Each structure stands twice: as C-alpha cells, then as structure tokens.
Amino acid sequence: MRNIRNFCIIAHIDHGKSTLADRLLERTGTVEKRDMQEQLLDSMELERERGITIKLQPVTMQWTPPKADGPLTMNLIDTPGHVDFSYEVSRTLSACEGALLLVDATQGIQAQTLAHAVQAKEQGLTLIPVINKIDLPAAEPEDTAKAVAKTLELPEDDVIFISAKTGEGVDEVLGAIRDRVPAPEGAPGAPLRALVFDSRYDPYQGVVASIRVVDGSLPARAKIKLMVAGKSAEANDVGVLRPQPEIRKRLETGEIGYLVTGFKSIAEVRVGDTVTQAAGPAKEPLPGYREVSPMVFAGIFLESGGSSGGGSGDYGKLREALGKLALNDASLSYEPVQSQALGQGFRAGFLGLLHLDIIRERLAREFNLGLVVTAPTVPYEIRLTDGGTLTLTDPAELPDVTRIEEIAEPWAELEIICRSQDLGAVQQLIAARRGTFADTRFAAAERVIVQAELPLANLVADFYDQLKGATAGYGSLAYELTDFRAAPLVRLDFLVAGEAVPGLSVIVHQGEADRRARAVLAKLKEIIPPAMFQIALQAVIGGKVIARENISPRKKDVTAGLYGGDVTRKRKLQEKQKKGKARMKAEGSVRVPPEAFVAVLGQD
C-alpha cells in the first residue's frame, strides 16, 4: 500500500482539469504519444464537443520516480467542474487521500473550486494547490497563488505553477503527489470492504461498478454481496482502467478499480453501497453517500404527440431511451404522465438546467427524437388545510386553493466570487430576485466572496447567465439547497386562443406574476405564427386575466382577382371572408410550437 497514491483533480469549469490529466497520462507513459488525443478521459461525444467533463472518470497510472526502488501506482479520478455535477465530485472525494486543487491564473479562485476545496478539507484530504495557464499573457500567477493561500489557509510555498497545455511544471506535480499525498490505510487481512463510488451499465457485461477497496482484497470469480442492498452475485471480472480495462486476478487493499457484477439493473448496485465477500462477510458497511435529490423538473414529450399515429411507437422509443440514459445516470428520475395538449410523455427530474440540457441533447442526438420540453420547475411543499403535506413538481397538479393552507418554496445558499468592481451589480441582481445577503468578504485585493440566500426557482431559470453578464464573465457561483420557506405563491396559466396550455403553467411569487406574465406573452407573440384569425394570448391566475396580447390575423386580399364591375361584388366577398374568419376563430385551433415552452424559462 505504501506505493499507492489515490488522488483527484478538482477545479471550476474550464480551468484545465482534463488537459492536466492528459499531461499526467503522457508523463507516466500510461498512453503512448501516438494514441494521445485531447480530453482523453472525456469519452462522451457531448463532453468533447462542449469541452466539459460530465461524468467522473478513474484511471490507473504506473510511474517510476527518479532513483526509486520501484513503480508508484497512481489512481487518478478526473471530476466535472460544473455546479450541476457536484454530486460526482462528492463521491470522488470519498475514494481519495489527496486532491489537486487547480486554479486558472487568468481567472483566480472560483466559487465551485472553493466549495469543493472546503468539502475536501472536511473529509481530511491533502490539498495540493496548482496554478494553471501560467503561459497566457493575461496570467497573474503570483497574485492568484496569494489569493488561494489566503482563502484556503494553505502555505504559499505549497503552490505549484504549471501550464497543462505545454507540460511545464507537470513533473513537479507528480513529485508533489508522491511526497504529499499519503498512502491509503486499511486492513489487508480483514474481511473485504469495497466502496462503490460510481457505476455504469454495459449491454454485454451488465452493471460495472467503480470501487475503492478499503479493507481486504477482492479476487476475480469470488462470490460477492452488497451489504446495503442485500443482493449477491459473482465478481465476473475485476481490474483497473489504464484508461482501457486491464483485467487483474484480484484488487488489493487501497486500490481503485472496476468490478463486473453481472447485475442487469443499475438500481441493484447503488452508489455508496459496500461490496463484501459472501463467505466471511464484513460486519459493518462503510459510510455511504446521501441520496441525490433532483432540483429541477420538466415534462418531456414528443413533437408528434405520443397518443396517435406514428407517435405511439415513438413514445415507446422515448421510454426506452430514458431507461438507457438512467442506467448510466443515477441522478436522472422520470415517471410517465399524460397531457391533454401534448399527449403521452414523462415528468423527469434533473440536478440543474445544464443536466436537463445534456439529457435533452442526448435524447435528440443519440435516439433521433423530436422533443417538446416544458418549462422547468422546482419542487414545492404544499401544506393542506387537513394537516397533510404533499410535494409538487408539476404546476398543473396544484390542488384547489380552498384545500391549501400555504405553499413553501425551496431556498438555496449561494457563494459567489466576483471582482470587487462588480459587487454592486451582483447585489442588485440578488436583490431583484428576492435574495438576502449573509456575508461579504475579500479573498484578495480584486476578489470578493459574497454569501447570500435565494429562492431556488429564481436561481435555476437564468441567474447564472445574468451573473455572467453582470460581471463581464468573471463571476462564478456555487449553491446548495437549504430548506423550504412559505411564500405567497400562485399558479400562472397561459391561454392560447382561449385554450389552456398545461405545459406553460408555472408557479410564481405573487409580486413577480405581472412582470413574468407580460414577459412570457411578449415572447409567445413572437414565436406563435399568425393564423387567418386573431389569436388571443392571455395570462391567468385563478380564472382572472392579468395580461393579454393579440396576434393579428394574416391578411388575404380576396378581391385581388376582380376587375372593374359593381362595388357590391367586392363587399360581398369581404363580408364572406369576415364570416369565415369568425367561424375559424370559434372553431379553429392553434398549434403551439416547441419553442414556446422555452419562452417561460426567461425571467426578464
């Protein structure tokens, strides 16, 4: 065990985690230069296209330091940086003894970096601060190092300066991992206890779990038992990722590797469960993880509808596609729903708007599905007059007002890091969204850390985009759900040509309803194409219209073919057209295009 080092890379999005991982794979000879490509550990097409990491990815490297007796086994876990995927990082920290804290020398320490660093320190990990992108003209490595050391209370001498792009300083990082990250601790002679920190579904092998062996050892073909789930199976294969799977005869104490279980459902191998041997099992399971809870909910429907024609076959395709994505994404939840306007579909739960966008993109791209995604909403607690409580994720299911005692909305604790010159703009942004301030402190001469609280509904819509605009791209955000608080909330419905469109309904604060209604109607007026009759767009609260817009009818000159003659002929045709339009207005229907459902996303 003394020759094993388990570590991860944590940083804000786009600070160079995957690029540093590439350089470490090169330096240790894990991947030949001819096989090397950028973002090697980002295997998903969307990860490579967007330049972000979505799923954590472990890899085992062998490195022989100069004048060393033998090779050092270095287990690296590359983690996501976006706030929506913080859950992936929290699982990673439990499998490691150390963490490389990567900070961009041009941007300084960011909110997500700070959130993960605090979490890592609480779990007792050794932090190695690394300042990246020192080769860029705008880099300020010395100032960034001072800010990192001050904010995280670390010695300034511990900071390492590198350029992951050119490879400068990477050897020093390897040396720091060897010297500063402690070797894993455990009891090799004790019964097997291995922590499941990730799992994925393989159509040929079943569920493949990423595990960290804490005590004992795991031989291939051994009978295993999941201590929390209580299920048993055989370890079909065990091994490590380099980064391609490399089969081993056994995994020893302190090692990180994979376990092919043969289970057919990912629900059977829960992240945070403990693997032990069926013969001579351990007495106590390892501490697991808290269950991940979706923060954002949205309806997913087919453009063609799921109830008639070719749509019914597509509905089965959508159900199968969501099932396949859920196999590799334990944080995705969904259940079938029926909408009068949109047909059959699913109500799905996500960790945030980026998570929703990734799932929507994968459904469209990998499964060739045309989708309508309804307005995202957050969960609400409805306290009823009879003393009961229910959690609501679909505004259309809000009970009658006579049954509601009060509605409570979720609140989040924010940590925003911005330039000191942007502090006023950030405070205005928070105040405009019913936020409250907790604390403001300076991380460095030019950096301010703002702690505040905000309703989750006002956070998930477009707060991050607005923050980037208010801070010229320098502001960063980390947040955590805290509690539910009662507020004067109402359901805002939208009518198109007198017909309610359930997919557009949202729950809003009473004080924001008028502004929100007018903003959405203005967008709908731009998006919905005109018809031969006037289309009324209305925003309604409890049957009372609070805002209205009209889409003017298309004009057609029915007298264009006439030439000369009596003027009464023209009048007869115009009267006939007028009656026809009145009949169409009474009987006609308006198709709401998919883009209209996105219209309710914006707050402004």
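**Briefing: salt bridges, cores and helix 5 in a predicted model**

The side chains of R362 and E366 form a salt bridge, N to O at 2.9 Å. A salt bridge here is a side-chain nitrogen of Lys or Arg within 4 Å of a carboxyl oxygen of Asp or Glu. This is a predicted model: local features need pLDDT of at least 70, side-chain atom pairs count only at pLDDT 80 or more, and totals for chains, interfaces and linings use all residues. Residues are numbered from 1 along each chain as its sequence is written, and side-chain values use heavy atoms, with hydrogens and water left out.

**Overall make-up**

- The protein has 14 helices and 31 strands. These are DSSP runs, numbered from the N terminus: helices are H or I with at least four residues, strands are E with at least two.
- Of the 604 residues in the protein, 53% are buried. Buried means under 20% relative accessible area, exposed means over 50%, and partly exposed lies in between (1.4 Å probe, protein chains only).
- The accessible surface is about 27,100 Å², and carbon and sulfur atoms hold 48% of it. Areas come from the Shrake-Rupley method with a 1.4 Å probe; for residues, only the protein chains shown count as cover.
- Among contacts with a separation of 6 or more, 68% link residues 24 or more positions apart. Contact means heavy atoms within 4.5 Å.

**Salt bridges**

- The whole structure holds 26 salt bridges.
- Side chains of opposite charge can pair when their charged atoms come close.
- R362 and E366 both lie in helix 8 (residues 353–366). They sit four residues apart, about one turn of the helix.
- R362 is buried, at 16% relative accessible area. E366 is partly exposed, at 44%.
- E381 and R383 meet through their side chains at 3.1 Å, N to O, in another salt bridge. E381 is partly exposed at 22% relative accessibility, and R383 is partly exposed at 24%.
- R485 and D483 also form a salt bridge, at 3.1 Å, N to O. Both partners are partly exposed: R485 at 24% and D483 at 32%.
- R242, E246, R248 and E255 are joined into one network by salt bridges that share partners.

**Nonpolar cores**

- The largest nonpolar core has 53 residues. Such a core is a set of buried Ala, Val, Leu, Ile, Met, Phe, Trp, Tyr and Cys residues joined through side-chain atoms within 4.5 Å.
- L318, L363, I416, L459 and F463 have the most contacts inside this core.
- L459 touches A412, L414, L454, Y464, L477 and Y479, leaving out residues up to four places away in sequence.
- A second, separate core has 31 residues, including A95, A105, V159 and A443.

**P410 and its surroundings**

- P410 lies in strand 23 (residues 404–419). P410 is buried, at 1% relative accessibility.
- Beyond neighbours within four places in sequence, P410 contacts V378, P379, Y380, P455, L456, L481, D483 and F484.
- The C-alpha atoms of P410 and R485 are 6.4 Å apart, although 75 residues separate them along the chain.

**Helix 5**

- Helix 5 (residues 141–152) has twelve residues, and its end C-alpha atoms are 16 Å apart. That agrees with the expected span of 16 Å at 1.5 Å a residue. The expected span is 1.5 Å times one less than the number of residues.
- T144, A145, A147, V148, A149, T151 and L152 are the buried residues of helix 5.
- Their cover includes strand 4 (98–104), helix 4 (111–122), strand 5 (126–132), strand 6 (160–161) and strand 25 (447–455).

**Positive phi angles**

- Most residues other than glycine have a negative phi.
- E153, just after helix 5, has a positive phi of about 55°. E153 sits in the loop between helix 5 and strand 6 and is exposed, at 67% relative accessible area.
- N368 is not a glycine either, yet its phi is positive, about 55°. N368 sits in the loop between helix 8 and strand 20 (371–373) and is exposed, at 63%.

**Cysteines**

- The disulfide count is zero. A disulfide is a pair of cysteine sulfur atoms within 2.5 Å.
- The sulfur of C96 has its closest cysteine sulfur in C8, at 4.3 Å, which is too far for a bond.
- C96 is buried, at 7% relative accessible area. C418 is buried too, at 0%.
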